[in-house]
Every structure is written in C-alpha cells, then in structure tokens.
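My notebook is open and the viewer is loaded. Here is what I looked up, entry by entry.

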Protein chains: 2
Amino acid sequence: MTQKSPGLVELCKAKGRRITGQRKIIADVISSAHDHPDVPEIHRRAMRKDEKISLSTVYRTLKIFAEIGLIEQHSFEGGPFRVERAEGPHHDHLIDTTNGRVIEFRSEEIERLQTEIAEKLGYELTGHRLELYGRPKAK
Amino acid sequence: MTQKSPGLVELCKAKGRRITGQRKIIADVISSAHDHPDVPEIHRRAMRKDEKISLSTVYRTLKIFAEIGLIEQHSFEGGPFRVERAEGPHHDHLIDTTNGRVIEFRSEEIERLQTEIAEKLGYELTGHRLELYGRPKAK
DNA sequence: TCGTTAATGCAAATTATTTGCAATAAGGGG
DNA sequence: CCCCTTATTGCAAATAATTTGCATTAACGA
Ligand SMILES: [Mn+2]
Ligand SMILES: [Mn+2]
Ligand SMILES: [Zn+2]
Ligand SMILES: [Zn+2]
C-alpha cells in the first residue's frame with residue numbers, strides 16, 4: 001500500500017460488506033490521492049496495482065463508498081464526476097478554467113448565509129453545491 | 001404565439017442564423033415558460049405547436065441560444081440540464097428536494113464574497129454555480 | 001423566382017454510468 | 001483448515017443524455 005487508508009476499508013466492512021482485493025486497492029487510491037480524480041483516472045491508478053481490475057468494479061465500489069459516506073462525488077461543469085475522500089471540515093471548490101485544477105476553500109460566512117437564505121424562504125437547508133470558476137490573475 | 005418572445009428569435013437572426021419555424025416555436029416555449037424545463041419537456045411543449053419537430057432540433061437550437069447567451073442551462077444534482085431565458089438580474093436556485101421545485105433567490109452578499117474569495121486565492125472570478133437543496137420547514 | 005447553403009429529421013454514434021449473469025472468491029461455521 | 005453460502009467481480013450488453021452524419025428541405029438575398 002502506498003499509504004495507510006485509515007477507515008475506508010474497515011468502515012466498509014463495518015457496514016457488512018466484504019473486504020476484497022479490489023476494494024483495498026480502490027480505497028488506497030482514493031486515500032492517497034491529493035487531487036480530485038475522475039473515474040477513468042481512479043481506474044488507471046488502480047490498474048497499476050492490479051491490471052485486471054474492471055471499470056465496473058470501480059464504479060460499484062465508489063457508489064458503495066459514497067453511500068456509506070466515505071467519499072464525495074462532485075461533478076464540476078456537468079462533466080464526469082470526480083471523487084475525494086470525505087474527511088475533515090466541509091469545503092467548496094474553485095476550478096481554474098485554464099487547466100482544470102481544483103482549489104479548495106472554505107467560507108464560514110457563505111455557509112452561514114446559505115442557511116439564512118434557505119430559512120428565509122421557508123426551507124431547511126439539507127445540502128448545497130458551490131463552485132467558483134476563474135483564471136489566475138495576471139499580477 | 002402564446003406570448004411575445006422579445007429578442008430570442010431576432011437576436012438569433014442578428015447573429016447571422018436563419019429564422020425557422022421550429023426556432024420560433026422553441027423560442028416561444030422558452031419565453032413563455034415560468035419554470036425551468038428540461039429538454040424532453042421543452043420538446044413536448046414544442047410538439048404542441050408542431051408535432052413533427054425533432055428532439056435533435058431542440059438540442060441544436062438550445063445550444064445556439066446558449067452560445068449567443070440568450071438562455072442558461074443549469075444541471076441540478078447532475079441531472080439532465082434545465083433551461084431558462086437569460087434576462088434580468090443574475091440569480092441562484094434553491095431546489096425543493098421533496099418535489100424538485102426550483103425557487104430563485106439572489107444574494108448580493110454571497111455574490112460579493114465569491115469574488116473576494118477568488119481574488120484572495122489569486123483568481124479572477126469568471127463564473128460560479130450555487131445551488132441550495134432543502135425541504136419545506138414544518139412550521 | 002432561383003440558387004446557395006444553413007437547418008432539419010432520423011438513425012446511428014458517443015459518453016457516462018448501470019446492470020444481467022455466469023464465474024470467482026470472502027469469510028463464518030464446522 | 002476446509003466448505004458452503006452468498007457477495008463480488010469481469011465482461012458484455014443495456015441505459016440515459018446528448019451529439020453527429022447525411023440526405024432532404026427550406027431560408028432568404030440576388
Ligand atoms: Mn475537495
Ligand atoms: Mn432561474
Ligand atoms: Zn459549502
Ligand atoms: Zn450567484
């Protein structure tokens with residue numbers, strides 16, 4: 001394993017699922033990823049450990065991890081979804097439109113305003129999606 | 001025409017495109033829509049005026065309208081995109097998760113914070129997407 | 001009215017993701 | 001440690017959403 005995958009597989013087992021070689025690999029790929037890879041990319045990385053692992057298994061495993069709440073699936077600009085380990089404080093994303101790079105940020109203030117707005121409209125906020133798109137400033 | 005379509009078709013023509021019967025119909029469907037219909041729904045409404053209009057033409061026309069900036073395409077929750085006439089001040093959406101209804105809102109404050117955040121990260125904000133999801137408060 | 005060329009309709013192609021099914025393997029019980 | 005049951009996998013085929021190729025039709029300026 002490139003890096004310890006604290007939880008992912010164990011939590012999966014705790015939910016009554018079996019621990020398989022491919023799940024361990026996919027969990028490791030996600031845990032050691034420092035970016036927001038899409039499915040083909042996760043598959044590619046997983047294949048470096050097991051060249052027989054199938055795309056279907058990647059999709060199925062990701063779905064399970066997502067249902068258990070171990071990962072998050074974001075689909076920026078309506079493109080194919082990208083994945084990241086769900087841990088640490090919530091954050092939103094800024095996408096660099098010149099290269100697709102994803103930058104994370106967190107705004108206590110925006111989060112609060114969102115709840116306020118929903119409230120004012122008579123709703124209880126259950127979720128939200130916030131993406132900023134921009135290009136590096138010339139400087 | 002159910003309702004005057006101020007601009008849509010004319011602006012389309014101004015961009016060098018031809019004014020066709022199906023474009024007039026689609027423009028009218030969009031202009032008189034008070035919701036955020038998806039493509040099948042727009043097609044359905046368009047067929048009430050011309051039962052021969054094809055889904056491809058709807059897709060193609062919407063793409064043109066979007067390129068010219070006459071409409072906006074939002075894809076909530078990764079679902080199929082929904083359309084709305086681009087006019088009036090910018091706004092964001094709150095989706096009622098109990099029935100899919102879309103409620104519009106505008107927050108000067110959030111808009112400003114977004115620009116600030118991008119700036120602080122060294123970016124010039126070129127666009128953003130903000131969606132709130134919630135359920136009606138019991139009250 | 002014509003001719004040129006954009007636009008349309010329809011079917012086939014794509015892209016992203018899901019699913020059916022037979023073969024394989026996890027892991028609890030013995 | 002070995003079995004047996006049953007979840008999981010691989011692969012191909014199925015879906016869902018959107019796009020595209022191509023022959024036919026229709027805009028619209030000359
Ligand atoms: Mn992130
Ligand atoms: Mn709207
Ligand atoms: Zn947030
Ligand atoms: Zn906004």
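Which base atom of DNA strand D does a polar side-chain atom of Ser56(B) lie 3.2 Å from? I looked it up and found a base oxygen.

**Ground rules.** I am working with a predicted model, in which local features need pLDDT of at least 70, side-chain atom pairs count only at pLDDT 80 or more, and totals for chains, interfaces and linings use all residues. Residues are numbered from 1 along each chain as its sequence is written, chains are lettered from A and ligands numbered from 1 in the order in which they are written, and side-chain values use heavy atoms, with hydrogens and water left out.

**Entry 1, DNA strand D.** I kept going with this strand. I listed polar contacts, meaning pairs of N or O atoms within 3.5 Å; within protein, one atom must be able to donate a hydrogen and the other to accept it, and residues adjacent in sequence count only if both atoms are side-chain atoms. Ser56(A) has a polar side-chain atom 3.3 Å from a base nitrogen of DNA strand D, and Arg18(B) has one 3.1 Å from a base nitrogen. I then counted residues near the strand, that is, with a heavy atom within 4 Å of it. There are 19 around DNA strand D, and the closest are Arg23(A), Thr57(A), Arg60(A), Ile19(B) and Tyr59(B). Of the strand atoms within 4 Å of the protein, 64% are sugar and phosphate. Helix 4 of chain B gives the most to this surface, with four residues. (Helices are DSSP runs of H or I with at least four residues, strands are runs of E with at least two, and both are numbered from the N terminus.)

**Entry 2, DNA strand C.** Here I found 19 residues around the strand, with Ile19(A), Gln22(B), Arg23(B), Thr57(B) and Arg60(B) coming nearest. Helix 4 of chain A supplies the largest share of the surface, four residues. On the base side, a side-chain N or O atom of Arg60(A) is 3.4 Å from a base oxygen. On the phosphate side, Lys63(A) has a polar side-chain atom 3.4 Å from a phosphate oxygen, while Lys52(B) brings a polar backbone atom to 3.3 Å from one.

**Entry 3, zinc.** Which residues hold the zinc ion (ligand 4) as protein donors? I noted His90(B), Asp92(B), Glu111(B) and His128(B), with donor atoms 2.0 to 2.6 Å from the ion. (Donors are N, O and S atoms within 2.8 Å of the metal, or 3.2 Å for Na, K and Ca; water is not among the atoms, so sites may look incomplete.) Asp92(B) is in strand 3 and Glu111(B) in helix 5 of chain B, so the pair ties together parts 19 residues apart in sequence. Both residues are buried, which I take as under 20% relative accessible area, with exposed over 50% and partly exposed in between (1.4 Å probe, protein chains only).

**Entry 4, aromatic rings.** I paired rings of Phe, Tyr and Trp (its six-membered ring) with centres within 6.5 Å; planes under 30 degrees apart are stacked, over 60 edge-to-face, the rest tilted. That gave two pairs over all chains. The ring centres of Tyr59(A) and Phe81(A) are 6.3 Å apart and their planes at 85°, so this pair is edge-to-face. Tyr59(A) sits in helix 4 and Phe81(A) in the loop between strand 1 and strand 2 of chain A, 22 residues apart. Tyr59(A) is partly exposed at 40%, and Phe81(A) is partly exposed at 24%. In chain B, Tyr59(B) and Phe81(B) have centres 6.3 Å apart and planes at 85°, so I logged that pair as edge-to-face too.
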